[in-house]
Amino acid sequence: MINYIEAVQSRVRLQEGPQVIEQLLIASYMRPGISTKELARHTYLPVPVAAAIKKEFMKAGALVQERGVRCTHSGKLYVEHELGYGGLDQELYRSLMAEENDWQTELSDVLTRLTEILELRPQVDVQIDQSQCTVETSLRRAVLCLREHSLIGKNIMCVGDDDLVSISLGLLLKRLFPNMEGQRAGITVIDIDERFLQFISGMAKREGLSIACLRIDLRQPLAREWSGQYDCFFTDPPYTLQGMTLFLSRGIHTLKKGKGNPIFLSFAHKSPDVTLSMQREFVRMGLSVKQVLLHFNQYIGAQMIGNSGQMIVLKTTELTAPHITDFFEDELYTGEVRRTVRTYRCIQCGGVLQVGIQGDFPTIEELKNQGCPICASHTFAWLAKRTI
C-alpha cells in the first residue's frame with residue numbers, strides 16, 4: 001500500500017512536520033465533506049498551505065473533492081490499516097476530541113475502573129521523589145495524548161510511571177476500540193522501581209492492555225536499540241533541574257527522528273528564575289514549548305508543591321538532541337541536592353564555583369540564571385561533590 005504521508009511530505013516541504021499532514025488526512029477521514037477552510041482551522045495552517053496539501057493527497061489518490069473533501073476507498077484503507085483507525089468508536093472519538101465536552105462524563109466507566117486499580121498501587125517512595133497523582137489527573141493525561149493526535153496507532157513511552165499513565169492510556173484505547181484486536185498502539189514503561197513495574201505488568205495482563213515494562217536506571221545510558229522507536233513520551237521527573245534534564249534526555253533518545261513529536265512533561269510550578277533555567281534547558285535540547293497548562297496535575301499528599309503541578313507540552317525540532325548521553329553522576333533527587341555541595345567549572349573561562357547550602361550559589365538553577373561571576377557564561381560542567 002502507498003505510504004500517502006511520505007508521498008505528500010516529499011512534495012510539500014512543511015515546516016510543521018509530517019504530523020500535520022497526517023492530521024489533515026485523518027480529519028478528512030473522520031469528517032467526510034469537510035471544507036478546505038475547516039481543514040486549515042483544524043491543522044492550524046494557512047488556507048493556501050492546507051489547500052496545497054489537499055491537492056497532493058488528491059494527486060496521490062487518497063482524497064477526492066466531492067461536496068467537500070473526503071477519503072477515497074484506498075485512502076480509507078490507509079487510515080484504518082496503516083494509521084490504526086480501523087475499529088475505532090468514531091462517535092466517542094469525536095466527542096472526546098471536542099474540548100468543550102466533559103470527557104469525565106463520557107469516560108465515567110473508565111474512571112470507575114481506574115479508581116479501583118489506583119487504590120491498589122504501591123506506596124510512593126519519597127526518597128526518589130515519587131508522588132501520587134489523582135485518578136482524574138492520570139486519565140486527563142491520556143485524553144490530552146489523544147487530543148494531541150499521539151495515541152491512536154502510536155508507540156508511546158513512559159519515562160517513569162508511578163502515576164500509572166500507561167494504565168490510563170491502555171484503558172482509554174480499550175474504550176475507543178471495542179474490539180482491541182484492531183488497535184495498533186503500543187505502550188512501554190521504563191522505571192527503576194520494580195514494585196510499580198510488576199504492578200503495571202500484572203494489571204495490563206488482567207485488563208488485556210498492550211503495555212511492556214522494563215527496569216532501567218536512567219543514570220546509565222540507554223542502549224542504542226532504544227533510539228528512534230517512539231512517537232511521544234510522558235515523564236513526571238524529580239523536581240530538580242538535573243532530574244528534569246536527565247529524564248527529558250533519556251526520553252528524547254527514544255523518540256523517532258523528525259520535528260513535531262510531542263513530549264508531555266509534568267513538573268512543579270516554579271519561580272520565574274527557575275522557570276528561566278528550565279527554558280534554557282529546553283533550548284539547549286532543541287525543544288519548543290507548545291503550551292503550558294497550569295494546575296493540570298493534581299496530587300495526593302504533595303504539600304511541598306501545593307498538591308498541583310503544570311503540564312508542559314513540548315515539541316521536537318530539527319535541532320532536538322538529548323543533553324545528557326553518557327552516565328549521569330550528579331545528584332538527581334531533591335533530598336540528594338539539599339545535603340550536598342557540588343563543584344562546577346565554567347566551560348568558557350574555567351572558573352570553579354561551589355553550589356549548595358554552603359556554596360557560592362544555593363542551586364545550579366541560580367548559578368545558571370546569574371551566570372559565571374567572572375565571564376557571565378551560563379554553561380557549566382560538574383566536577384565533584386561532597387556531603388555535608
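This report describes the overall build, the salt bridges and two backbone details of a predicted model.

**Overall build**

The protein contains 15 helices and 13 strands. Its radius of gyration is 22 Å, close to the 21 Å that the globule rule gives for 388 residues, so the protein is as compact as a globular protein of that length. Along the principal axes, the C-alpha atoms fill a box of roughly 70 × 50 × 40 Å.

Of the 388 residues, 54% count as buried. Among contacts with a separation of 6 or more, 72% are made by residues 24 or more positions apart. The exposed surface of the protein comes to about 17,500 Å², and carbon and sulfur atoms supply 50% of that area.

**Charges and salt bridges**

There are 43 positive and 44 negative side chains in the protein, and the centres of the two sets lie 5 Å apart. The structure holds 19 salt bridges. Three of them are listed below with the N to O distance.

| Acidic residue | Basic residue | N to O distance |
|---|---|---|
| D163 | R141 | 3.0 Å |
| D231 | K256 | 3.1 Å |
| E281 | R284 | 3.3 Å |

The side chains of D163 and R141 meet in a salt bridge. This pair links distant parts of the chain, 22 residues apart: D163 is in the loop between β4 (155–159) and α10 (165–176), while R141 belongs to helix α9 (residues 135–147). D163 is buried, with a relative accessible area of 2%. R141 is buried as well, with a relative accessible area of 3%. Both values fall under the 20% cut-off for a buried residue.

The salt bridge between D231 and K256 runs from loop to loop. D231 lies between β6 (211–215) and β7 (232–235), and K256 lies between α12 (241–254) and β8 (262–267), so the pair ties together parts that are 25 residues apart in sequence. D231 counts as buried at 13% relative accessibility, whereas K256 is partly exposed, with a relative accessible area of 33%.

E281 and R284 also form a salt bridge. They stand three residues apart in helix α13 (residues 272–284), and therefore they are separated by about one helical turn. E281 counts as buried at 1% relative accessibility, and R284 counts as partly exposed at 28%. Elsewhere, salt bridges that share partners join R113, E116, K174 and E207 into one network.

**Positive phi angles**

Most residues other than glycine have a negative phi. L164 is a residue other than glycine with a positive value, its phi being near 55°. The place of L164 is in the loop between β4 and α10, and D163 of the salt bridge with R141 is found in that loop too. L164 counts as buried, at 0% relative accessibility.

A376 is not a glycine either, and its phi is positive at about 70°. The residue is found in the loop between α15 (364–370) and β13 (380–387). At 47% relative accessibility, A376 counts as partly exposed, because the exposed class begins over 50%.

Definitions and conventions:
Residues are numbered from 1 along each chain as its sequence is written. This is a predicted model: local features need pLDDT of at least 70, side-chain atom pairs count only at pLDDT 80 or more; totals for chains, interfaces and linings use all residues. Side-chain values use heavy atoms; hydrogens and water are left out. A salt bridge is a side-chain nitrogen of Lys or Arg within 4 Å of a carboxyl oxygen of Asp or Glu. Helices (H or I, at least four residues) and strands (E, at least two) are DSSP runs, numbered from the N terminus. Buried means under 20% relative accessible area, exposed over 50%, partly exposed in between (1.4 Å probe, protein chains only). The radius of gyration is taken over C-alpha atoms; the globule rule is 2.2 Å times the number of residues to the power 0.38. Contact means heavy atoms within 4.5 Å. Accessible areas come from the Shrake-Rupley method with a 1.4 Å probe; for residues, only the protein chains shown count as cover. Lys and Arg count as positive and Asp and Glu as negative; His and the chain ends are not counted. The place of a charge is taken as NZ of Lys, CZ of Arg, CG of Asp or CD of Glu.
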